[in-house]
Amino acid sequence: MSELSPNAAQNGPIKNNGSPSSIAENEDIDFSKISERPRPLTMERQRSYDERSFMTELSGMSPRLSLRNIDSFARMDHLESVFSPCRRSGFNTPKSGLAFEPHPMFAEAWEALRRSLVFFRGQPVGTIAALDNSEEELNYDQVFVRDFVPSALAFLMNGEPEIVKNFLKKTLRLQSWEKKVDRFQLGEGVMPASFKVLHDPVRNSETLIADFGESAIGRVAPVDSGFWWIILLRAYTKSTGDTSLAELPECQKGMRLILTLCLSEGFDTFPTLLCADGCCMIDRRMGVYGYPIEIQALFFMALRCALLLLKQDDQGKEFIERIVKRLHALSFHMRSYFWLDMKQLNDIYRYKTEEYSHTAVNKFNVIPDSIPEWIFDFMPTHGGYFIGNVSPARMDFRWFCLGNCVAILSSLATPEQAIAIMDLIESRWEELVGEMPLKVCYPAIEGHEWRIVTGCDPKNTRWSYHNAGSWPVLLWLLTAACIKTGRPQIARRAIELAETRMLKDSWPEYYDGKLGRFIGKQARKFQTWSIAGYLVAKMMLEDPSHLGMISLEEDKQMKPLIKRSASWTF
């Protein structure tokens, strides 16, 4: 199989010079005893789903899953056998010789994904944000770090790791560039939000141009880019078994620079990261300033991935010690103060205010009258979630999909909390999924609140874009969370919904409306991460072992405050 060339992006996959092999890493780690080999985890959460229905789901996924394999999957004591280096998906893609025929739009999605490839000096280095020629390009002609993650996972699952390796190395080189906004210099560890390849036909040369926030709307640096880079590096390492990339001195330095930014000491009294509005997927003013759940969950996952990737040299050990301390504090804080279920909601409703001393129950002095009316109807008897933000006298009760799914995948959520999150999604299907998965947040802000919070943003009107719009890219995160919690039927239901429209609608960026019924009024067509998100979701359902590259098991040494959610049941 020949390598891709700039003129033949669809002619075949990237050459894979190495075969997947076992990697000597163990996600089920004891943060306080790094050198010891931990005990296998008992998968108690298998009790949360009907084993027979799960086996039925699995048996329909792929002809490669024999009854014997299914039986061993059901009887395993922990997930180590699932979290193995990736095997190629059995779907009939260019890398598969099987006769299995998936949904017709699967092949169309692969063709669209290959058309989005971006080349730099003859090598594929990423995928363009969107290929919608009917709209003004703006920055949709660039390679975004966060947008490329589902594309990277699709290529890894299909046995094509070279593009992911190229992307990781190129963005690492961009990190070393001098970064300035006006006369202010950004931190050395900041990763770019995006980059673009510029072609000079006169000199017949190509150069890279990076955006670190100086060109972004609002001029906000991307806090999430560095976290996604570390998470993707671990996914590449886990998928291929190739540890040489992560062990390169420049990769080790790149991780340390990112960690230096987020582990630095300051005036904070919380282990969470203080962020500006627009610093993540929600990249416009939407009231997520403070301590947004998306950043905290990605921060937690990136720390755990870095713990697996850092070398045990003098510099590495220093960071490992700092990471261990932060993980313990962060997990306690998030599980204690960000978690909301029926019992916790009732407790907040009865809070006293103006408490002083270490014995205070209402530690953030949240005024009960600030609880929004919608939450009382939205909160099911069985279910819960991590709320959007917690800071002094402020709780953002909105549901944010990405943060909660990453909390499950990183094991920031305890097994009981992960089950409660899935219970909530099932109970509030109409609100969170509707006719097109998946709400980026819920509910929409409108009226006077919309004017104050968004500054009258015409793109973030109610039930549109980041104001509770429906984003198909979130399918891959939902699917991964469903598989990890033993609820593949939820993912299958969401994917089938998406398959009714996405191809016909030309792969929109997002959908509008309470139910996600309308193509977004400013949505780009042929949005690459919508395409890649669908592919990753399908391949993960077909071969659940792919989950291993993007999931981490719970660390039993982190003693959670909440041993069992009030909403958890057998």
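This is a guided tour of a predicted model, with a selection to make at each stop.

**Stop 1: the β9 hairpin**

Select strand β9, residues 384-391. How many of its residues are buried? Eight of eight, so the strand is mostly covered. Now add strand β8, residues 339-341. β8 and β9 run antiparallel and are joined by three bridges. To find the register, pick Asp-341, which stands opposite Gly-384 in β9.

Next, add strand β10, residues 394-400. β9 and β10 are also antiparallel, and four bridges join them. Here, pick Ile-387, which stands opposite Trp-399 in β10. Then move to the turn of this hairpin. Two residues lie between the strands, and Ala-393 has a positive phi near 60 degrees. While the strands are on screen, recall a rule of regular strands: side chains alternate between the two faces of the sheet.

**Stop 2: an aromatic cluster**

Keep Trp-399 selected. Which residues share an aromatic cluster with Trp-399? They are Trp-374, Phe-378, Tyr-385, Tyr-442 and Trp-463. The structure as a whole holds 22 aromatic pairs.

For one of those pairs, go to Phe-270 and Tyr-291. Their ring centres are 5.6 Å apart and their planes meet at 80 degrees; the angle is over 60, so the pair is edge-to-face. Both residues sit in the loop between α8 (249-263) and α9 (293-309), 21 residues apart. Phe-270 has a relative accessible area of 18%, under the 20% cut-off, so Phe-270 is buried. Tyr-291 also counts as buried, at 7% relative accessibility.

Now return to the cluster and isolate Phe-378 and Tyr-385. What is the geometry of this pair? The ring centres lie 6.1 Å apart with the planes at 85 degrees, so this pair is edge-to-face. Phe-378 and Tyr-385 are both buried.

**Stop 3: charges over rings**

Select Lys-179 and Phe-212. The charged end of Lys-179 sits over the Phe-212 ring, 5.1 Å from the ring centre. Then jump to Arg-493 and Trp-429. Arg-493 lies over the face of Trp-429, 4.0 Å from the ring centre.

**Stop 4: a serine in α10**

Show helix α10, residues 314-338, and pick out Ser-331 within the helix. Is Ser-331 buried or exposed? Its relative accessible area is 4%, so Ser-331 is buried. Where does its side chain reach? Follow it to the backbone oxygen of His-328, at 3.1 Å.

**Stop 5: a buried glutamate**

Move on to Glu-554, in the segment after α19 (528-542). This residue has a relative accessible area of 9%, so Glu-554 is buried. Add Leu-409 to the selection. Glu-554 and Leu-409 are 145 residues apart along the chain, yet their C-alpha atoms are separated by 9.4 Å.

**Stop 6: the cysteines**

Finish with Cys-305 and Cys-441. Cys-305 is buried, with a relative accessible area of 1%. Cys-441 is buried too, at 0%. A disulfide is a covalent bond between the sulfur atoms of two cysteines. How many disulfides does the model contain? With a cut-off of 2.5 Å between cysteine sulfur atoms, the count is zero.

Note on methods:
Residues numbered from 1 in each chain as written. Predicted model: local features only at pLDDT ≥ 70, side-chain atom pairs only at ≥ 80, totals over all residues. Heavy atoms only, no water. Buried < 20%, exposed > 50% of the residue type's maximum accessible area, 1.4 Å probe, protein only. Phe/Tyr/Trp six-rings, centres within 6.5 Å; stacked < 30°, edge-to-face > 60°. Lys NZ or Arg CZ within 6 Å of the ring centre and 35° of its normal. Polar contact = N/O pair within 3.5 Å; in protein donor to acceptor, adjacent residues only side chain to side chain. Pairing = 2+ DSSP bridges.
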